[in-house]
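Colleague: Could you take one part of this model and walk me through it closely? I'm after the aromatic side chains and whatever surrounds them.

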Amino acid sequence: MSHRRARKPAICHILTAVLALGLAGTAVMSAARAADAITTTFAASLTAVPADAATVTGAVYVPVYSSVAMTPGKIQADFSVTLSVHNASEQRPLILRRINYYDTAGKLVQAHLTEPVALKPFATIEVFVPTKDTRGGTGANFVIDWAATGEIAEPVVEALMVGGIGAGHYAFISQGRPIRQIGR
């Protein structure tokens with residue numbers, strides 16, 4: 001009997017380690033898939049990342065809502081989220097260094113880039129969070145780090161939320177807010 005008890009914890013530790021490695025691998029694969037989705041889906045919007053050093057950098061914070069409480073503690077509406085990042089420059093590429101999605105508690109839900117990408121002048125990319133993905137919760141947000149090799153118009157970043165309950169459908173936008181800019 002004590003022999004079985006000795007094996008059970010060992011098996012539990014092995015299973016826990018396998019599960020932990022599997023979850024870590026899933027997070028890495030998820031980030032790689034998200035980055036691949038951006039580079040594949042929006043290939044026409046992207047250009048080579050400039051070799052010159054970035055002289056202007058910034059960050060944009062975008063509040064989003066994958067879920068909204070319709071009545072406290074009773075009814076919740078889930079929303080899809082489409083984050084759009086627009087290069088507002090007519091002449092320079094916009095380098096995107098980070099597109100991270102955080103939940104209500106500020107915990108990283110998903111990184112959408114594994115390496116920087118450059119957006120052509122006036123081009124746009126999008127990140128989509130489906131309605132059934134409620135990991136972000138009622139206070140989710142994105143943070144986008146960007147850079148450029150010279151003076152550039154700030155990127156325009158917005159999120160469109162669409163969802164509904166029963167026969168009621170709702171859509172609204174949330175605009176990004178600059179939270180850091182260095183250089184000009």
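How many aromatic pairs does a search of the whole structure find?

Modeller: Some ground rules before the rings. This is a predicted model, where local features need pLDDT (the predictor's confidence in each residue, from 0 to 100) of at least 70, side-chain atom pairs count only at pLDDT 80 or more, and totals for chains, interfaces and linings use all residues. Side-chain values use heavy atoms, with hydrogens and water left out, and residues are numbered from 1 along each chain as its sequence is written.

Searching the whole structure gives 3 aromatic pairs, where Phe, Tyr and Trp rings (for Trp, the six-membered one) pair if their centres lie within 6.5 Å, and planes under 30 degrees apart count as stacked, over 60 as edge-to-face and the rest as tilted. Take Y65 and F172: their ring planes sit at 50° with centres 6.0 Å apart, so that pair is tilted. The two are 107 residues apart, with Y65 in the loop between β2 and β3 and F172 in strand β11. Strands here are DSSP E runs of at least two residues, helices H or I runs of at least four, both numbered from the N terminus. At 29% relative accessibility, Y65 is partly exposed, and F172, at 27%, is partly exposed too. (Buried means under 20% relative accessible area, exposed over 50%, partly exposed in between, using a 1.4 Å probe and protein chains only.)

Then there's Y101 with F142, a stacked pair at 4.7 Å centre to centre and 25° between the planes. This one bridges strands β5 and β9, across 41 residues of sequence, and both partners are buried. As for Y65 and F172, they join F79 in one aromatic cluster.

F142 also turns up in the largest nonpolar core, which has 33 residues; F142, L83, L96 and I99 have the most contacts inside it. Such a core is a set of buried Ala, Val, Leu, Ile, Met, Phe, Trp, Tyr and Cys residues joined through side-chain atoms within 4.5 Å. β4 gives this core its largest share, 5 residues. Beyond its neighbours within four places in sequence, L96 has contacts (heavy atoms within 4.5 Å) with residues including V85, L113, I144 and W146.

One bit to skip: residues 1-29 stay under pLDDT 50, with 1 contact beyond four places in sequence. Where pLDDT is low, don't read the predicted coordinates in detail. Overall, the protein averages 84, and 80% of its residues score at least 70.
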